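Colleague: Could you take a close look at one part of this model with me, a single helix and whatever packs against it? After that, I'd be glad to hear how the rest of the chain fits around that part.

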Amino acid sequence: QITTVSGNEFLLQSDIDFLILDWFHAIKNAIDRLPKEQRITSRNLEFKLRRSSSIELLNNLDTESKEPKPEHRKSLIFRLNYSASDTNDRNRVKSRLKKFISRRPSLKTLQEKGLIKDQIFGSHLHLVCEHEKSTVPQFVRLCIKAVERRGLDVDGIYRVSGNLATIQKLRFVVNQEEKLNLDDSQWEDIHVVTGALKMFFRELPEPLFPYCFFEQFVEAIKIPDNTTRIKSIRSLVKKLPRPNYDTMKILFEHLQKIAAKESVNLMSTQSLGIVFGPTLLRPEKETGNMAVHMLYQNQIVELMLSEYSKIFGSEED
């Protein structure tokens, strides 16, 4: 707690000792730069810090300089004085932090004990599928079912954004809990469900169309002849890893149903291509051709929706 000459009070809190010392130095340096008539000497400079009982006291604590504290305050209030031993104190704190971190159990150990669960958002697609013993993430299936049950006729479905705070809340629930009920009233806004599904694909470390396939898909969409172009896209899709292929197939089948209701929801294959193109495929390293890539990304998704049966159907189709 810092009280200025003008009577203003500020409360700075942290459980990290060297961070508190950094604050001390920053504030002291700011005071030292003030005009002499406004400056307070470092000898009189004092900071009252509310300390948590969960960590050790600072080594350079001057316990003799404690002020009497009001009875209603349960927190300990200390006065820190600037001293030449700050560097040593900081090194000691860093050493303790290193020891603390080195003694922490591994992520694998925490997961085995059930203290940390595998994340759904932000994990590689194949890892999510391996954990669930499937080839399509359960969250993707649940979102698709929810949208097809109550969102096919919604104007601007997938284009209209849901409330970001609610989407983040859904993201947290998915990462923390195994069971998810998208019919719960808190997820009644279908745009929250579609927003979360788009976020899932956007946060994949490697997109649904793997990086190593990006240039091949771009080259395929450039082919002038439509029949040859479709065959080339189909050939690439068949080469995808099983989780990518199965997830892509169920997603595009779903988006095809959305496009079939274009007269009601106003979402054409072109609109869906614009929404999902940059989400589902992107280059590993962005270059100056970002605008050109975005055009191809949209066209690839649009073509795969328009020619879904030819691309994902059996050889006889």
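Modeller: Happy to! A helix here is a DSSP run (H or I) of at least four residues, and helices are numbered from the N terminus. Histidine 293 belongs to helix H13 by that rule, so let's make H13 our part. Please keep in mind that this is a predicted model.

Let's begin with the histidine itself. Is histidine 293 buried or exposed? Its relative accessible area is 9%, and since buried means under 20%, histidine 293 counts as buried. Beyond its neighbours within four places in sequence, histidine 293 contacts Phe214, Glu215, Pro283 and Thr287.

Two of those partners lead us to another helix. Helix H8, residues 211–221, packs against helix H13, residues 290–306, with the axes 10 Å apart and an angle of about 75°. Because angles from 65 to 115 degrees count as roughly perpendicular, H8 and H13 are roughly perpendicular to each other. On the H8 side the contact is made by Phe214, Glu215, Phe217, Val218 and Ile221, while H13 brings His293, Tyr296, Gln297, Gln299, Ile300 and Leu303. Histidine 293 is thus one of the H13 residues in this contact, and Phe214 and Glu215 of H8 are among the residues it touches.

H13 has a further partner. The axis of helix H10, residues 242–260, comes within 9 Å of that of H13, and the two cross at roughly 75°. That angle makes H10 roughly perpendicular to H13 as well. Here Val301, Met304 and Leu305 of H13 meet Met248, Phe252, Leu255 and Gln256 of H10.

Moving out from H13, helix H12 (269–280) holds threonine 279. Threonine 279 is buried, with a relative accessible area of 7%. Setting aside residues up to four places away in sequence, threonine 279 touches Lys198, Phe201 and Arg202. Its C-alpha atom is 8.9 Å from that of glutamate 203, although 76 residues separate the two along the chain.

As a computational chemist, you may want to look at two backbone angles too. Most residues other than glycine have a negative phi. Leucine 266, in the loop between helix H11 (262–265) and H12, has a positive phi near 60°. This leucine is partly exposed, at 48% relative accessibility. Tyrosine 158 also has a positive phi, near 80°, and sits in the loop between helix H5 (138–150) and helix H6 (164–176). Tyrosine 158, however, is buried, with a relative accessible area of 0%.

For a view of the surface, turn to helix H2, residues 86–103, where leucine 97 lies. Leucine 97 is partly exposed at 32%, and together with Phe100 and Ile101 it forms a nonpolar surface patch of about 300 Å² accessible area.

Finally, the whole chain. Its secondary structure comes to 14 helices and four strands, and 39% of its 317 residues are buried. Of the contacts between residues at least 6 apart in sequence, 70% join residues at least 24 apart. The accessible surface is about 18,800 Å², with 51% of it belonging to carbon and sulfur atoms.

Methods:
Residues are numbered from 1 along each chain as its sequence is written. This is a predicted model: local features need pLDDT of at least 70, side-chain atom pairs count only at pLDDT 80 or more; totals for chains, interfaces and linings use all residues. Side-chain values use heavy atoms; hydrogens and water are left out. Patches are made of residues with over 30% relative accessible area and no salt bridge: like charges are joined within 9 Å, nonpolar side chains (Val, Leu, Ile, Met, Phe, Trp, Tyr) within 5 Å. Accessible areas come from the Shrake-Rupley method with a 1.4 Å probe; for residues, only the protein chains shown count as cover. A salt bridge is a side-chain nitrogen of Lys or Arg within 4 Å of a carboxyl oxygen of Asp or Glu. Buried means under 20% relative accessible area, exposed over 50%, partly exposed in between (1.4 Å probe, protein chains only). Axes are lines fitted to C-alpha atoms, for helices over the stretch in contact, and angles run from 0 to 180 degrees between N-to-C directions. Angles under 35 degrees count as roughly parallel, over 145 as roughly antiparallel, 65 to 115 as roughly perpendicular and the rest as oblique. Contact means heavy atoms within 4.5 Å.
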